[in-house]
Amino acid sequence: MENKYGGWFSNKFLNILYLSTIAFIFLQYINDATIHNTVLAVILFALFLLMLGFTLFLRFCNRKLEYKNGSILDHKARALMKRLSIKDKKCTVLDLGCKKGFTSILLAKNKRALIKSVDINDECRSHLKEAKVNKRVEAIASPLTSLPFKDETFDYVYSFFPSKKDSTDIIKEGLRVLKKNGYIAFEGHCEDVSSFEELGLHVIYDYKDVPGYLMLPGLLKDSVIIYGKKSH
C-alpha cells in the first residue's frame, strides 16, 4: 500500500527510473533483431544491470525515508519540533515547506496552536481534513521564498527539509515573518550556514541513528539543523 504522505523522492521520479531501465531491454531487443552487435549487446546488458541496481537502491532508500509514523523522518521531525520549545499556550506556527502535511499534523498535536502550512502547492489540504485538524491548520500555496505574510507574523517557524535548493533564502524568509524573540527550527540542506551563526542561531549536524547508506549526496549527506531565538 502506497504511503499517502510520500517519501524522499517523488513517484514521478522513480517511475522515470523504471522506464529508463526498461528502455535498455528495448534497445537490446532492437539490437538482437537487427544488427546483432555482440559488443553493443554486452554494453546494453551492463547498463541495464547498473540502472536496475541504481533504481532498486533508490527505491529502497525511499522506503526508509517515508513520511510515516515510526520512520527515520518521523523521528527526526519530532526531534526538530522539540527544539522549538512550543509552550502550551495560544500561538501561531508556520510550517514552511509542509509537503503533504505530515509535519503539520504532528505540530497540530498542540491543541492551542494556529498553524499555517505552506508549500508550492496545497496538496496537504485533503490530509489535514482527513486528520481533522483543518480548522486549526490552514493550507496555503505559495513560493517558499516569497511568503504572503507581513513581517513578524508568527511566534514559531518550523521547516523540515523544505527544498533541496534555495534553502538559504527559505530560512531568511522564515526569519522575516518570525516575531522578535520567536523561535525557528530548520533541518535540511543549506548552502550558507555561517550567516545564520552570525545571527546567534545554533548550527548542528545530527546524524544519530541514520544508516550509512542514507548518508549520500542527494539524501541526508550534509543536512544541517539551524535553530534558536530571533533576537533582532
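Helix α1 gives the largest share of the lining of the largest pocket, four residues. This is a predicted model, so to speak a calculated picture of two pockets and a sheet. Both α1 (11-33) and α2 (38-64) supply at least two residues of that lining. Closest to the centre of the largest pocket, among the 34 residues that line it, are G7, W8, S10, K99 and E123.

Here is how the two pockets look side by side.

| Pocket | Volume | Nonpolar lining residues | Polar lining residues | Charged lining residues |
|---|---|---|---|---|
| Largest | About 870 Å³ | 12 | 11 | 11 |
| Second largest | About 220 Å³ | four | one | six |

Which helix gives the most to the lining of the second largest pocket? That is α3 (residues 72-82), with five residues. Residues lining this pocket include I72, H75, K76, A79, L80 and R83, along with E187, D206, K208, D209 and I225.

Now to the sheet. Its seven strands form an open sheet in the order β3-β2-β1-β4-β5-β7-β6, with mixed pairing. At the edges sit β3 (137-141) and β6 (202-204), each pairing on one side only. On average, neighbouring strands are turned by 15° against each other, direction ignored. Strands β1 (residues 91-96) and β4 (residues 154-160) run parallel and are joined by three bridges; L94 stands opposite V157 in β4.

Helix α3 turns up again here: it packs on the sheet, where it touches β4, β5 (178-189) and β7 (223-229), and its direction makes about 155° with that of β4. Helix α6 (residues 167-177) lies across β1, β4, β5 and β7 and runs at about 160° to β5.

How values were computed: Residues are numbered from 1 along each chain as its sequence is written. This is a predicted model: local features need pLDDT of at least 70, side-chain atom pairs count only at pLDDT 80 or more; totals for chains, interfaces and linings use all residues. Side-chain values use heavy atoms; hydrogens and water are left out. On a 1 Å grid over the protein atoms alone, a cavity is a set of points where a 1.4 Å probe fits but cannot get out, and a pocket is an open set with protein on both sides within 12 Å along at least five of seven lines; lining residues have an atom within 4 Å of a point. Grid points are joined across faces, edges and corners, and a volume is the space filled by probe spheres set on the points. Ala, Val, Leu, Ile, Met, Phe, Trp, Tyr, Cys and Pro count as nonpolar, Asp, Glu, Lys and Arg as charged, and the others, Gly among them, as polar. Two strands pair if DSSP finds at least two bridges between them. Axes are lines fitted to C-alpha atoms, for helices over the stretch in contact, and angles run from 0 to 180 degrees between N-to-C directions. Contact means heavy atoms within 4.5 Å.
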